[in-house]
Amino acid sequence: MDDMKNRIIPVAEETVDFEVQRDRRIDEMTVLLEEKKMKQLRLVLDENDEFEVAEFLTELPDNQMAMVFRMLSKEQAAAVFAELDPEEQEYIINSITDKELGGILDELYLDDTVDMMEELPANVVKRVMRIATPETRKLVNQYLRYPENSAGSIMTAEFVDLKKYMNVKESFARIRRIGADKETIYTCFVTSADRKLEGIVSVKDLLLANEDAVIGDIMDENVVFCTTTDDQEDVSGLFTDYNLLAVPVVDKENRLVGIVTVDDVMDVMEQEATEDIEIMAAITPSDKPYSRTGVFDIWKNRFPWLLLLMLSATFTSMILTSFEDALAVQAALIAFIPMLMGTGGNSGSQASTAVIRSLSLGDIEPGDVFLVIWKEIRVAALCGFTLAVINFGKLFLVDRLLLGNDGVTITIALTVCVTIFFVIVFAKAVGCTLPIVAEKVGIDPAVMAAPLISTLTDAISLLIYFAIAKLLLHI
């Protein structure tokens, strides 16, 4: 019995969320810095992931950020530097020596260097280019000439290339020799003597093959690739469709000039999604995150759209003014105008959001416009009929009986319900068509999102409402 009492019963450890663990590690580094335990802080910095170290640095005052950054090893400093925002990168560059900056540039992947060059002020870029090696300067200048948001602008030249006449043993020797400086070694690219892309082979294929097997016999010749001028959003679609880790980028002559890796594509997806969300909310897209955007810049991004939508709403006022006499005869009609306009705007927004998302995912193409319209009209008919029937009952049970609105007659209720049906059909037809038309003419479909469609359907809803009222109520 005593043995039983003394026996320790293990208790299941509490499951801690990853983000909680990360916050604890950042708090630990903060405490060590505050207590000036620099030796221990350096050890903790070495043990932590570059993203967590970058998060820690961004929370520090500028003078402490530069001091802690200098404590990092050359390799870790480059990895952390790539995770920082352009503002922090600029401060770090201005706070370190040319020798320290040269060490960072030597360790940075080329695509990260190009991204940095695109964001930094001209005077800082000049200093970076002056310190960079001639080879880096040449490659950076070449990448900066590619169109913005193209595959060429986000690719990297750090990949492993093999020859089809090499065997597996020779291939592994080459991977060990050059792989340390490459962004990925999991997918290797087979090229000819004139650098033309001939196939790909994965490290898994090499591990499972006999060491005397020739690359030409085990490589996959059906390569999914893109060209330097392809849009980065189209490139991200290749990763989604084919579950890839890297996509080779070729020039007009089918020569391999670089690769786009999955981490770059995730950045593209985030950027494109943010841009679409901002456009759909009637905001001019910004390169800066919200927390780093000034009040004046936010005003510039929002004011033009609000002005355009406000002026476009003038048509709604004009329609209401032109039907003042009709409204005076049947004042009960006024109470249902907000409901009809809101229902039309919401119906159009539903259709436009679904179509915009499908276009961005490649689920539908502009050529599918008639199939989409036919589907949305059927959906609209079902939604319109259901809402009309429910609203008819609501008008008598709630508006007439509970609220005592004697102006709600059968004819008024019928006018409102018939209007709801046609408004929903119209709104969904327009909501699904405009984004496809925008895509066809080369405009971002997100422009045809909720605010614009709501403004359009508001005006048309009133026209439909008064047309049906004239027909049924003879006003």
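Strands, as the word is used here, are DSSP runs of E that hold at least two residues and are numbered from the N terminus. Welcome to a short tour of a predicted model, beginning with a strand and ending with the whole chain.

**View 1. Thr 187 in strand β2.**
Thr 187 has its place in strand β2. Is this residue, Thr 187, buried or exposed? Thr 187 has a relative accessible area of 14%, and because buried means under 20%, Thr 187 counts as buried. Once its neighbours within four places in sequence are left aside, the contacts of Thr 187 are with Ile 200, Val 201 and Ser 202. Look also for Pro 248: 61 residues separate Pro 248 from Thr 187 along the chain, and their C-alpha atoms are 9.9 Å apart.

**View 2. Arg 195, in the loop between β2 and β3.**
Follow the chain on from strand β2 (187–191) and you enter the loop that leads to β3 (197–202), where Arg 195 has its place. Most residues other than glycine have a negative phi. Arg 195 is not a glycine, and yet its phi is positive, at about 70 degrees. With a relative accessibility of 42%, Arg 195 counts as partly exposed.

**View 3. Asn 254, in the loop between β5 and β6.**
Here is another residue to check for the sign of phi. Asn 254 has a phi of about 65 degrees, which is positive although the residue is not a glycine. The loop around Asn 254 joins β5 (246–250) to β6 (256–261). The relative accessible area of Asn 254 is 30%, so Asn 254 is partly exposed.

**View 4. Lys 163 and its contacts.**
Lys 163 sits in the loop between β1 (161–162) and helix α13 (168–178). Which residues does Lys 163 contact, leaving aside its neighbours within four places in sequence? They are Val 190, Thr 191, Ser 192, Ala 193 and Ile 215. Of these, Ser 192 makes a good landmark: 29 residues along the chain from Lys 163, with a separation of 6.5 Å between the two C-alpha atoms.

**View 5. Val 262, in helix α17.**
Helix α17 covers residues 262–280, and Val 262 belongs to it. Not counting residues up to four places away in sequence, Val 262 touches Phe 239, Leu 244 and Leu 245. Thr 240 is 22 residues from Val 262 along the chain, and their C-alpha atoms are 9.9 Å apart. Val 262 has 31% relative accessibility and counts as partly exposed.

**View 6. Asn 149, in the loop between α11 and α12.**
Asn 149 is found after helix α11 (134–144) and before helix α12 (151–154), in the loop between them. Asn 149 is partly exposed, at 27% relative accessible area. Beyond its neighbours within four places in sequence, Asn 149 is in contact with Asp 230, Asp 231, Gln 232 and Gln 271. Ala 209 is 60 residues from Asn 149 along the chain, and 39 Å separates their C-alpha atoms.

**View 7. Ser 461, buried in helix α24.**
Ser 461 is part of helix α24, which takes in residues 450–473. The relative accessible area of Ser 461 is 3%, so the residue counts as buried. What surrounds it? Apart from its neighbours within four places in sequence, Ser 461 contacts Leu 340, Gly 344, Thr 419 and Val 423.

**View 8. The crossing of helices α4 and α6.**
Two packed helices are described by the angle between their axes and the distance between the axes. For α4 (residues 50–58) and α6 (residues 74–83), the axes come within 8 Å and cross at roughly 65 degrees. This crossing of α4 and α6 is right-handed. Helix α4 contributes Glu 50, Phe 51, Val 53, Ala 54 and Leu 57 to the contact, while helix α6 contributes Gln 76, Ala 79, Val 80 and Glu 83. By character, the residues of this contact between α4 and α6 are six nonpolar, one polar and two charged.

**View 9. The whole chain, for orientation.**
Stepping back, you can find 24 helices and six strands in the chain. The chain is more spread out than a compact globule, because its radius of gyration of 31 Å is well over the 23 Å that the globule rule gives for 475 residues. Along the principal axes, the C-alpha atoms fill a box of roughly 90 × 70 × 70 Å. Of the 475 residues, 42% count as buried. Among contacts with a separation of 6 or more, 66% are between residues 24 or more positions apart. The accessible surface of the chain is about 26,800 Å², and carbon and sulfur atoms account for 57% of it.

How values were computed:
Residues numbered from 1 in each chain as written. Predicted model: local features only at pLDDT ≥ 70, side-chain atom pairs only at ≥ 80, totals over all residues. Heavy atoms only, no water. Axes fitted to C-alpha atoms, helices over the stretch in contact; angles between N-to-C directions. Helix = DSSP H or I, 4+ residues; strand = E, 2+ residues; numbered from the N terminus. Left-handed = near helix turned anticlockwise from the far one by under 90°. Contact = heavy atoms within 4.5 Å. Nonpolar A, V, L, I, M, F, W, Y, C, P; charged D, E, K, R; others polar. Rg over C-alpha atoms; globule rule 2.2 N^0.38 Å. Buried < 20%, exposed > 50% of the residue type's maximum accessible area, 1.4 Å probe, protein only. Areas by Shrake-Rupley, 256 points an atom, 1.4 Å probe, with all protein chains shown as cover.
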